[in-house]
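Please open the structure in a viewer and keep the selection tool at hand. The tour proceeds by selections, each followed by a description of what is found there.

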Amino acid sequence: MSAFLTLLLSFAFLAFVLGLGYRIYDYARTPAPLLIPTTPAPTNTGGMLLRMLREITLFESLFKANLWTWAASWVFHISLALVLIRHLRYFTEPVWFWVALAQPFGLYAGLLMVAGLAGLWARRIFVERIRYISTPSDHLMLVLLLSIAGSGLFIKFISHTDIIGVKSFILGLMRLDIQALPEDGPLYIHLILVATLILIFPFSKLLHAPGIFFSPSRNQVDNPREKRHLSAWAAKLEK
Amino acid sequence: MAAEITAPAYRIIPIIPALRRGAMSESKPYVATDKMQEAIGFPGKLADNWQETHDAVIAKMGELLTKYRSLKVYMDACVHCGACSDKCHYFIGTQDPKNMPVARQDLMRSVYRRYFTLAGKVFPKLVGARDLTREVLDEWFSYFNQCSECRRCSVFCPYGIDTAEVTMAAKEILDSVGYGQKYSNEIIGKVHKIGNNLGLPGPALENTLEGLEEDVKEDTGIDVRFPLDIKGAEVLLITPSADFFAEPHIDSLIGYAKVFHASGVSWTLSSMASEAGNFGMFIGNYDQLRKIALRVREAALELGVKRIVVGECGHAWRVAYSFWNTLIGVGAGANDPYAIQLQNQLDLRYKQPMHICEFTWDLIERGGLSFDKDANDKHIITFHDSCNVARASRMGDFAGGQFEIPRNIIKAVANNFVEMRDGTTREQTFCCGGGGGLLTDELLDLRVKGALPRMEALQQVADSHGVNFMATICAICKAQFTKVLPIYGFDRRVVGGVHQLVSNAIKLGDK
């Protein structure tokens, strides 16, 4: 099992880096021939960066759209970020100062993450029009995230796993010095689920994460009268 | 089409309607004839062999995915969160779930996933991917012609996904396989052949303008000119051709002329570029967008004007403000010879292009115009923000100037101004229901239903404040409301232009 997980996690990680790297490259190379920021839009780069920052950290547009969806998804994403920060202690030796500081927050965040996901799923099930637009993969994604959170909380609160062993396994993976993983069923489940999530990231709607950085309606500056904006293929038409 | 088109009932409180599946599945515009298609460079009709069409659609989609980052990112990024699901006026008015922006995008996204993503190739059912069939293509033709490209959904999307971009891509694909929409493509043909969307030839235009000069003289006793093709004029005015004879559009044209008269700035219209509208945008075709805009460049070079001002038209202002610098070099800041040729001629101390509202407001601010505000006292006025002005352009020097400047003008020329309910104005304004190339009679049922949220907001201020005039700065809004207002029990003259109000109040000659 240890060997299997070593392989699975390495493969998932590789697929994640290459897949996501390719996506980002692909978005970056695709031209945006016309200026289409959703206005009112910032008229300079600083303002645009601020708009992007608000969008990424506060989900500004979603806040305007629907308070319940905003609350559930913001709680989920912030909690996920805190949980990820908490997990950095398995990847750093010695543990970084701020990671140590964030430990208790990460713990509560694990519970909030479940609450946020449950809220999002309830919406998908009970609100008619959201149910209408949901595909099986939309539900499964929430099931996967809930299972990851659930199995993680399980090995924290109910059936403790040997976290020292986990840490040496992970540090080993990072240094290409393969270590055995503690024998623990719930831990295996947690890691297999995480590997699945990482693996499907570049092939699923999780691409919303890199996507937002490339969204022309958000990342363009409203200055068409002051500056001529011309993509390569559009410029050829003038020859 | 139903024998009689009636208005849907107002919602008691504006709650989100229950779904009525398939409610609008029969709604579709007329298909363009082979002549109309071929006149603007598209295949005349669908291939006899489905496989050929199928392959052409997929190939075109692949091409667009490499040319437009918007389309590519928007196909991938949606998480089906539903933020947009209750934001479209056509969904609110029709309750058809396929008129939810996300569902409309999914009509194309499902095909994108099937042919362009690993997950859709391997597990189509799981991720909502589907094969492209004739039925799917018909569904595109129906529902992408139920989107007015108003961008309201893009305001609320956490990733800024703009359904208008998807609709434009769909229309571009449909055109490229011979499945075009009659109304838009016929109009584009007319622009190239005659010079404007309404097919008004040069001599008729000249007559119309002479007639207007006589009318204004009779009305005011003052010689207000409506110049045409005057070389060496300072300003070239590009305005929607509806302004030349449609009601209430023409009253705004008179308003522009009076403002120019009072300002002392010499100006001219152009018979070659007698159209601000650019339906190339509606059909998502860059070549047409550019070709139609090129007439403006040619007219500007030929007449040697120093400034280009654009009349009251929503999508035209989007094209002018956001795209002209890119398409034809009207603007500033170019470093390539093509654009510099024109930018050297234009007087870059002024905004290029400039909206007529910017022109008028600038004069008002500098004390260059005087008004008899009481002349508008019969009106209790509200302002309908037009979608393309509100969410796809700007006026003035700061973000949101497109909201303030028209309102400032109204307040400067009239005494009674009332805002409609929050959430229905400014960046959250509702489309009139007739934009995006849908302003055609066979879609009247859709247009009436799509106007519902705006009519509700108007009814509220009519009841609470006695509002009897809704000013707007878009030719399509004006035409759409003129048709739709009576169906909702209003007088059709409730809608009018901002410069119509200016025209009523401006003092000429005796400053």
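The stops below concern a predicted model, beginning with a strand and ending with nonpolar cores.

**First stop: a covered strand.** Select residues 235–238 of chain B, which form strand β1. In a regular strand, side chains alternate between the two faces of the sheet. Here B:V235 and B:L237 lie on one side, B:L236 and B:I238 lie on the other, and all four are buried, so that both faces of the strand are covered.

**Second stop: the partners of the strand.** Add residues 267–268 of chain B, strand β2, which runs parallel to β1(B) and is joined to it by two bridges. Opposite B:L236 stands B:T268 of β2(B). Next, select helix α12, residues 249–263 of chain B; together with β1(B) and β2(B) this helix makes a right-handed β-α-β unit. Then turn to strand β3, residues 307–310 of chain B, which is also parallel to β1(B) and is connected to it by four bridges. Within β3(B), B:R307 is the bridge partner of B:V235.

**Third stop: the largest nonpolar core.** Select B:L236 again, now with B:I410 and B:L501: among the 173 residues of the largest nonpolar core, these touch the most other members. Helix α15 of chain B, residues 314–328, supplies the largest share of this core, with nine residues. Which residues does B:I410 touch, leaving aside those up to four places away in sequence? They are B:I381, B:F383, B:F417, B:A471, B:V498 and B:L501.

**Last stop: a separate core.** Finally, select A:V83, A:A109, A:L117 and A:A149, which are among the 14 residues of a second, separate core.

Conventions:
Residues numbered from 1 in each chain as written. Chains lettered and ligands numbered in written order. Predicted model: local features only at pLDDT ≥ 70, side-chain atom pairs only at ≥ 80, totals over all residues. Core = buried A, V, L, I, M, F, W, Y, C linked by C-beta atoms within 7 Å. Buried ≥ 20, exposed ≤ 12 C-beta atoms within 10 Å, placed from the backbone. Contact = placed C-beta atoms within 7 Å. Pairing = 2+ DSSP bridges. Right-handed = clockwise from strand over helix to strand, strands pointing away.
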